[in-house]
There are 4 protein chains.
Amino acid sequence: MQHAATSSSAAQHSSSAPFPAPLTGVVPPLCTPLTADGEVDAAGLRALAGRVTDAGASGLFVLGSSGEAAFLDDARRATVLRAAVEAADGRVPVLAGVIDMTPARVIAHAERAAEAGASALVATAPFYTRTHPVEIAEHFRRIRAAVPLPLFAYDIPVAVHTKLPASVVLELAEDGTLAGLKDSSGDDGALRRLLVALRGRGLLERFAVLTGSELAVDGALLAGVHGVVPGLGNVDPEGYVRLYALAREGRWTEAAAEQDRLAALFALTDVGPEALMGRNSSAIGAFKAALHLLGVIGCAATAPPQVPLDSEAVKAVRHLLEEAGLL
Amino acid sequence: MQHAATSSSAAQHSSSAPFPAPLTGVVPPLCTPLTADGEVDAAGLRALAGRVTDAGASGLFVLGSSGEAAFLDDARRATVLRAAVEAADGRVPVLAGVIDMTPARVIAHAERAAEAGASALVATAPFYTRTHPVEIAEHFRRIRAAVPLPLFAYDIPVAVHTKLPASVVLELAEDGTLAGLKDSSGDDGALRRLLVALRGRGLLERFAVLTGSELAVDGALLAGVHGVVPGLGNVDPEGYVRLYALAREGRWTEAAAEQDRLAALFALTDVGPEALMGRNSSAIGAFKAALHLLGVIGCAATAPPQVPLDSEAVKAVRHLLEEAGLL
Amino acid sequence: MQHAATSSSAAQHSSSAPFPAPLTGVVPPLCTPLTADGEVDAAGLRALAGRVTDAGASGLFVLGSSGEAAFLDDARRATVLRAAVEAADGRVPVLAGVIDMTPARVIAHAERAAEAGASALVATAPFYTRTHPVEIAEHFRRIRAAVPLPLFAYDIPVAVHTKLPASVVLELAEDGTLAGLKDSSGDDGALRRLLVALRGRGLLERFAVLTGSELAVDGALLAGVHGVVPGLGNVDPEGYVRLYALAREGRWTEAAAEQDRLAALFALTDVGPEALMGRNSSAIGAFKAALHLLGVIGCAATAPPQVPLDSEAVKAVRHLLEEAGLL
Amino acid sequence: MQHAATSSSAAQHSSSAPFPAPLTGVVPPLCTPLTADGEVDAAGLRALAGRVTDAGASGLFVLGSSGEAAFLDDARRATVLRAAVEAADGRVPVLAGVIDMTPARVIAHAERAAEAGASALVATAPFYTRTHPVEIAEHFRRIRAAVPLPLFAYDIPVAVHTKLPASVVLELAEDGTLAGLKDSSGDDGALRRLLVALRGRGLLERFAVLTGSELAVDGALLAGVHGVVPGLGNVDPEGYVRLYALAREGRWTEAAAEQDRLAALFALTDVGPEALMGRNSSAIGAFKAALHLLGVIGCAATAPPQVPLDSEAVKAVRHLLEEAGLL
C-alpha cells in the first residue's frame with residue numbers, strides 16, 4: 001500500500017518518542033517562508049524551525065493561521081510539512097494544521113499530514129457553513145476516527161466565526177477525542193472557566209490547554225494553561241521561552257515584565273496601514289519582514305492576494321526590533 | 001499536455017456554443033445527492049439535473065452552498081462535475097462552484113472544473129482569513145488570469161463573513177474580470193444601487209446579475225436582475241421558471257402571486273428544530289427530503305457532520321409539498 | 001397640573017379622526033432641524049412637515065433614526081413632538097418614535113408623546129441589554145398596556161443588534177398588541193415570508209407593514225407592504241409619493257424607473273468620507289445639507305458628537321440634487 | 001428650588017476627600033434591589049452597599065449593567081443614586097453610571113448624578129447610532145466639559161457593539177478628559193497593550209484601569225490594572241477583596257486559587273436556561289437570587305421585561321452558594 005510506504009519513509013523523521021500528554025511549553029506557529037514567486041522556501045522554513053527549536057520551543061506548529069495555511073494549496077502544504085518534519089528531526093513534535101471546512105476535507109489533509117510524519121493534528125470547527133454544537137462535536141470525532149494522531153481543537157472565532165462551546169470541549173476531552181485545545185479566542189474569561197471545569201474533572205493531567213494569545217500569556221499560565229502558541233514567537237522565541245520559564249518558577253513579576261516587553265513588540269502587527277491592507281496581511285507581513293531583517297529567511301513575501309508591506313512599514317518593523325533589542 | 005487532453009475529452013460534454021453574456025433565467029444551484037454511506041450519487045444528480053433542465057432552467061450551478069460544496073472532498077467534487085456536465089450534455093451551461101479560502105486553492109478547483117468541462121466558474125471572496133477590498137479584487141483577478149472561463153463572483157456573507165463591496169464588483173465588471181454576480185447577500189438595497197450603477201456604466205448588457213434569493217425574486221427582476229439561482233428551485237423548478245416568465249412578460253401581479261406560493265413552500269427550511277441542528281442541515285436536509293419524497297433521488301442523506309432530519313421533520317416536508325401541490 | 005394643560009392644548013392639534021388601520025402610503029421619518037447651537041429649530045421642522053404633507057405624505061414619523069432621536073434629550077424630543085403635531089394640524093397622523101432601552105424608559109417617552117398629541121407610537125426591541133424573544137414580546141405588551149395609542153414595532157437591527165423574530169411579530173399582530181411594523185431590517189426575504197404569514201392569518205387587513213427601505217420600495221409594494229417610511233423622503237417626498245401611486249395603479253415598470261432615480265439620489269448618504277465620520281453622520285448630514293440647499297431649513301447642523309460634512313461633501317450633495325432635478 | 005436642597009443634602013453624604021487618582025481596589029457594580037412591583041428597594045440597596053463596603057470595597061459603582069441601569073427610568077435611577085450616596089456616607093466614593101445613547105442624554109443623567117452627590121461618572125461610548133472614533137472622543141469630551149466630576153469610560157462591546165479604540169482611550173487619558181477606564185470588553189490582549197502604552201506615557205499614575213471581568217482578575221492585576229469591578233462581587237465581595245490583597249502582596253498562586261474558586265461560583269450566571277431567557281436575565285437574576293438567599297435583600301425580582309428564574313434555577317443558585325461556602 002502506498003500510504004504505508006510513504007508513511008514509513010516519513011517515519012525516519014518523526015519522533016519515535018510518544019507524544020507528550022499533556023503537551024506543554026512554547027509551540028510557535030511557524031510562518032511559511034515564501035519565495036518571491038510564491039513557492040514555499042523549504043530552506044527558510046528549516047532555518048526558522050531550527051531557530052525556534054534552538055531557542056527552546058517544545059514543539060512546532062505548522063500550517064496554522066500564522067503559517068498562512070489558508071493561502072497554500074495542497075502541494076505547498078505538503079512541502080511545508082516535509083520541511084518541518086525534517087527540521088524537527090525527532091527533537092520536538094510537529095503539530096500540523098489541517099485547516100479546511102468540514103470533516104471530509106479535513107481528513108484528506110490529515111491523511112497527508114500523517115504520511116508526512118506529523119506528530120499531531122490541529123483542526124478548527126467547521127467553517128463557511130453554519131453548524132450546531134452537536135455537529136461540531138461530530139466533526140472532531142470523525143477526524144479522530146479517521147486518522148490515529150493526537151488531535152487538537154483550534155478555537156479561532158476570528159477565522160471560523162463560531163466560538164467552540166465549552167460543553168463540546170469538555171465532552172471531547174473526557175471521551176479522548178481531543179488531546180488538547182489551542183485557544184485563540186481571546187476570551188480569557190471563558191478560558192478560565194474551562195480550566196476550572198477540566199481541573200474539576202481531573203482532565204488537566206492529560207488534556208493540554210494552550211493559549212494562542214501573544215499578549216496575556218503570563219495570566220494564562222497563572223490560570224493554569226500548559227503552554228503557549230504565540231505567532232510573535234516566530235520573531236522572538238527566546239522571549240516566550242523565558243516568559244514560560246519564569247512563570248514555571250513562580251517568578252510572576254518578572255514573567256509579567258517579559259510579557260510587557262513582548263506586548264510592546266507586538267506593535268509589529270500594526271505597521272501596515274489599515275486603510276490599505278487587511279489585518280492578516282499586516283501581521284503576517286510584519287512577522288516575515290522581521291524574520292527577513294533578522295536574517296532568518298531570504299524573502300519577506302506573503303502569499304497572494306495579500307498586500308505587501310511598503311518600505312515605510314518595513315522601517316517601522318526595523319525600529320521595533322531595535323527597541324526590543326533584537327536587532 | 002495533459003490538461004489539453006483531459007479538456008478535449010471533457011469537451012465532448014461541454015457546450016460548443018458560447019457562454020451567454022449576460023446569463024439570464026433560472027439557474028438552480030443543484031443539491032448533491034448522496035448515498036447512505038456518503039458517496040456522491042451520480043445517477044441521482046443526473047436525474048435532478050435532467051428534471052430542472054426539462055422544467056426550463058437556463059443553466060445548472062453545481063458545487064454551491066445548496067450543493068454542499070463545503071462538505072465534499074476533491075474527489076467527490078470531481079464526481080459531481082462530471083455527472084453534471086454529462087447530464088447537461090451541452091443543452092445548458094454548467095456553472096461550477098470553486099469554493100475555497102484563497103486564490104491558490106480556488107485555482108486548483110478551477111483547473112479541475114475546466115478539465116471536467118464546466119462552462120463557467122463561481123467563486124466567493126476569500127474566507128477564513130481577513131481581507132481588504134483591494135485583496136478581494138486581486139483574488140478574483142488571479143482566478144480569472146489562471147483559468148480562462150467566465151467567472152462569477154458569489155456574494156454570500158453568511159458563509160464568508162464579508163459583503164462584496166459594490167466598488168469591487170463595479171471595478172471587476174468594468175475590466176472584464178467578472179462575467180457576473182450571484183448575490184446571496186439578501187441585501188436588496190445594496191443590490192438595487194449596484195444595478196443602477198451598472199446600468200449607468202452600460203454594463204448590464206454583458207455583466208449578469210443573478211439573485212440567490214428564493215423569496216424576493218419578483219422584486220429583484222423588477223429591479224433589473226438577469227436571473228435567479230434559487231436553492232428552492234431544486235424542489236420546484238417549474239415554479240421559478242413560471243415566475244421568471246411572468247416577470248419577463250410584465251405580468252407582475254401574477255409573478256408576485258407565484259413568488260408568494262414559493263415563499264410559503266420555503267417553510268421547508270424550518271422543519272428541522274433549531275435546538276437540534278444547524279440552519280444548513282435543516283435547509284439542505286429539507287430540500288433533499290423533498291426530492292426523495294418526489295422520487296427524484298434515492299436517498300435524502302446530507303453530508304457529515306450534518307444532523308439528519310427526524311421523521312417528524314420529514315412529515316412536515318411532505319405536508320408542505322402537498323400544500324404546494326407538488327405531491 | 002401643567003401636563004394636563006399641555007395635553008389639552010395638544011389635543012387641539014391631534015386628529016380627532018381614528019387612526020387608519022392599516023396605515024398606508026408614504027410616511028417620511030422627519031429629520032430634526034437644529035440650530036447652530038444644537039437647539040431644535042421648530043420653525044424648520046414645521047416647514048419640513050408642511051413640505052412633505054403637501055407632497056402627499058399620509059403621515060409623519062418623528063423621532064426616528066432619521067430624526068436623530070438618539071441624540072436628543074427629553075426636552076428636545078418634546079419640542080419636536082409639539083412642532084410636528086402643530087404642523088400636522090390633524091391633516092395627517094403623527095407617529096412618535098419612543099426610542100429607549102427597555103419598557104420602563106420607553107413608557108416614559110410614550111406618556112409624553114401621548115400628552116403632546118401623537119397619533120401612534122413607534123418602539124424598537126430592547127437594546128443595550130441582551131434579550132430573549134419572550135422578553136421582546138413582553139416589552140411591547142407592557143408599552144401597549146401603559147399607553148393607549150396604536151403601537152408600531154420598529155425592526156432596526158443596525159441599531160438594536162437583534163432582528164425582530166417573525167414569530168414575535170405574528171403573535172403581537174394577532175393579539176392586537178401591535179398596529180404595525182416598520183421594517184428597517186433590509187431583509188426582504190424575511191419580510192416576504194412575514195407578509196405571506198400575515199396574509200394567511202387574515203391580518204394584513206388591519207396590521208400595517210411599512211418598509212423602512214429607501215431602495216427596494218417597488219419590490220416591497222409588489223410583495224404587499226402597505227407603505228414606506230423612507231429617510232430619503234425628507235429630500236424628495238414627491239418622488240416617493242409618485243412611486244407609491246404608480247405601484248398602486250399597477251404601473252410597475254414606471255414605479256421601478258422612479259425607484260431607480262431615487263436609488264441614484266441615495267448616493268447622498270455616501271458623500272461623507274468613511275475615514276472621517278460615521279455612516280450616521282454622513283447620511284443624516286447629507287439629508288440636512290440637501291434640505292438646506294433646497295431652502296427648506298435654515299441650518300444643516302447635525303447633533304453632537306456627529307462630525308459635520310465638509311464643503312467638498314456639501315458640493316457633492318448639491319451635484320446630486322441637480323442630477324435628480326431637484327435643484 | 002428643590003434640586004438645590006437635595007443637592008446640598010446629598011453633599012452631606014458625599015466625600016469631602018478628593019477622589020483617589022488613580023482609583024484602586026474592588027469596586028462592585030451594585031445590583032439594584034427591586035420590590036415585587038418593580039420599585040427600587042432603597043433599604044435593600046443600602047444593605048447591599050453596606051455589606052460590600054464592610055467587606056473592604058474601595059468604591060461603589062451604581063447604575064451599571066449589573067445595576068440594571070438600562071431597565072430603570074430616570075426617577076428610579078435617582079432613587080438608586082440617593083440611596084447609594086447615603087449608604088456610602090463619605091466612607092467610599094460612589095461612581096454613577098450615566099448610561100445613555102449620546103452626549104446630550106448622558107449629560108442629563110450626569111447632572112442629576114452630580115446633584116445627588118456622586119463622586120464620579122461612568123459613561124459608555126454612544127450606542128444605538130453608528131459612530132466614528134472621532135465622534136466617540138468628542139462624546140466623552142462633551143460629557144466631561146458639562147459636568148465637573150471625574151469621568152470613567154466604560155468599554156462594554158456586548159452592550160454598545162463597538163470596542164473603544166485604544167487610540168481614543170490614550171488620547172483622552174493624556175488630555176485629562178478621562179480619569180479611568182472600566183474594561184468589560186473581555187479582550188485581555190488589547191487591555192495588555194493599552195496598559196503598556198499608558199505606562200510608557202507615564203499615565204498609569206493618575207489614570208485608573210479597572211477590569212470588569214470576574215474571571216481573570218489575577219491575570220489582569222499581574223498585568224497592571226488598578227482594580228476590579230466584578231458583578232459577582234455583589235455575591236462574594238470578600239472573595240474579591242481577598243484576591244486583590246493577595247495580588248498586591250505578590251502571592252500570585254494563592255490569588256489564582258481564589259480566582260479559581262470565584263470562577264467556579266460564576267456558574268451562577270448559567271442557571272437560567274438559555275432556551276427560556278436572555279443571558280442578562282439569567283446572570284442578574286442569579287446574583288439577586290443569591291443575595292436573597294444570603295438574606296441581604298428582601299426580594300429577588302429583576303426588572304421587566306426580564307424573565308424571572310424558576311424554582312429549579314434558584315435551587316441551583318443555592319447549591320452553588322453552598323459549594324462556595326457562602327451558605
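**Exercise 1. Which residue of chain A comes closest to the rotation axis?**

This is a predicted model, in which local features need pLDDT of at least 70, side-chain atom pairs count only at pLDDT 80 or more, and totals for chains, interfaces and linings use all residues. Residues are numbered from 1 along each chain as its sequence is written, chains are lettered from A in the order written, and side-chain values use heavy atoms, without hydrogens and water.

Step 1. Lay chain A on chain D: the RMSD is 0.0 Å, after a turn of 180 degrees and a shift of 0.0 Å along the axis. The fit is by least squares on C-alpha atoms of residues with pLDDT of at least 70 in both copies.
Step 2. The two copies are therefore related as by a two-fold rotation axis.
Step 3. The residue is G219(A), with its C-alpha at 2.0 Å from the axis.
Step 4. Of the contact residues of chain A, 100% recur in chain D.

**Exercise 2. Describe the interface of chain A and chain B.**

Step 1. Count residues in contact (heavy atoms within 4.5 Å). There are 47 from chain A and 47 from chain B.
Step 2. Take the buried area (accessible area, 1.4 Å probe, lost on being put together, summed over both). The two chains bury about 3,700 Å², 60% of it on carbon and sulfur atoms. R105(A), Y128(A) and R130(A) supply 23% of what chain A buries there, more than any other three residues.

**Exercise 3. Find the salt bridges between chain A and chain B.**

Step 1. Apply the rule: a side-chain nitrogen of Lys or Arg within 4 Å of a carboxyl oxygen of Asp or Glu.
Step 2. The rule finds 4 across this interface. One salt bridge joins R105(A) and D100(B), at 3.4 Å from N to O.
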